[in-house]
Amino acid sequence: MAKKEDKTNVMRLLDQKKIPYEHFSLEGADGLSGEEIADKLSENPAQAFKTLVTTGKTGNHYVFVVPVAAELDLKKAASAVSEKSIEMLKQKDLLPLTGYVHGGCSPIGMKKFFTTVIDASAENFDQIYFSAGKVGHQVKIAVEDISKIIRVEYEDIIK
């Protein structure tokens, strides 16, 4: 009997909203960078995105989605969410806050909604890749469909 594909919460949410996606998985992805995973899956690194969670000076949390090879510009990011400053969330706080582990964080399906900003470079592509909510699992989704499942803004937020 064929083994049924393990669905992540992200995939279940996309299925619920009837949003088409492609799922990709890579065994042994623990400890690999986003660039290394994109390379192993033959993805364009400019089209593969990572999800970063931050804390603003006000104590509010924000989600930023940037290309795997890029670095979040904290000043641009703070400006995009009208904060004086922001800093990266401590790794130990990621799972309790979002429900995701480091390397498997997705902008879709967090425990609660946070303001989400995707780097404007995503708009250069019809589809982008990002984590499916589990280390080594990714989804490829149409950029225009992302706003059907979460509220997002597109801003220049990378260095």
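Strand 5 (residues 115–119) and strand 8 run parallel to each other and are joined by four bridges, and within this pairing Asp119 has Glu155 of strand 8 as its bridge partner. Strands here are DSSP runs of E with at least two residues, helices are runs of H or I with at least four, both numbered from the N terminus, and two strands pair if DSSP finds at least two bridges between them.

The model is a predicted one, in which local features need pLDDT of at least 70 and side-chain atom pairs count only at pLDDT 80 or more, while totals for chains, interfaces and linings use all residues. Residues are numbered from 1 along each chain as its sequence is written, and side-chain values use heavy atoms, with hydrogens and water left out.

**The sheet**

The pairing of strands 5 and 8 belongs to an open sheet of five strands, which follow one another in the order 4-2-3-5-8 with mixed pairing. Strand 4 (86–88) and strand 8 (152–155) are the edge strands, each of which pairs on one side only. From one strand to the next the twist averages 35°, where axes are lines fitted to C-alpha atoms and angles run from 0 to 180 degrees between N-to-C directions.

Strand 2 and strand 3 run antiparallel and are joined by seven bridges, and Thr54 stands opposite Tyr62 of strand 3. These two strands form a hairpin with four residues between them, and Gly59 in the turn has a positive phi of about 95°. Strand 3 also pairs with strand 5, in the parallel sense and over four bridges, and here Tyr62 stands opposite Thr115 in strand 5. Strand 3 (residues 61–67) is mostly covered, since six of its seven residues are buried; buried means under 20% relative accessible area, exposed over 50%, and partly exposed in between, with a 1.4 Å probe and protein chains only.

**Helices and loops**

Helix 4 has Leu94, Leu97 and Thr98 as buried residues. Seen down the axis of helix 4, the buried residues fall within an arc of 90°, so they line one face of the helix; the arc is that of the directions from the helix axis to the C-beta atoms. The face turned away from this buried side carries Lys92 and Pro96, which are exposed. In helix 3 lies Ala80, which is buried with a relative accessible area of 19%.

Two serines in loops have a positive phi although they are not glycines, as the table sets out.

| Residue | Phi | Loop | Relative accessibility |
|---|---|---|---|
| Ser42 | about 55° | between helix 2 and strand 2 | 67%, exposed |
| Ser82 | about 55° | between helix 3 (74–80) and strand 4 | 69%, exposed |

**The largest pocket**

The largest pocket has a volume of about 670 Å³. Among the 30 residues that line this pocket, Lys50, Thr51, His102, Gly103 and Gly104 are the closest to its centre. Helix 2 (34–40), strand 2 (49–56), helix 4 (91–98), strand 6 (127–131) and strand 7 (137–142) each supply at least two lining residues, and strand 2 gives the largest share, with five.

A pocket is found on a 1 Å grid over the protein atoms alone, as an open set of points with protein on both sides within 12 Å along at least five of seven lines, and lining residues have an atom within 4 Å of a point. The volume is the space filled by probe spheres set on the points.

Definitions and conventions:
On a 1 Å grid over the protein atoms alone, a cavity is a set of points where a 1.4 Å probe fits but cannot get out, and a pocket is an open set with protein on both sides within 12 Å along at least five of seven lines; lining residues have an atom within 4 Å of a point.
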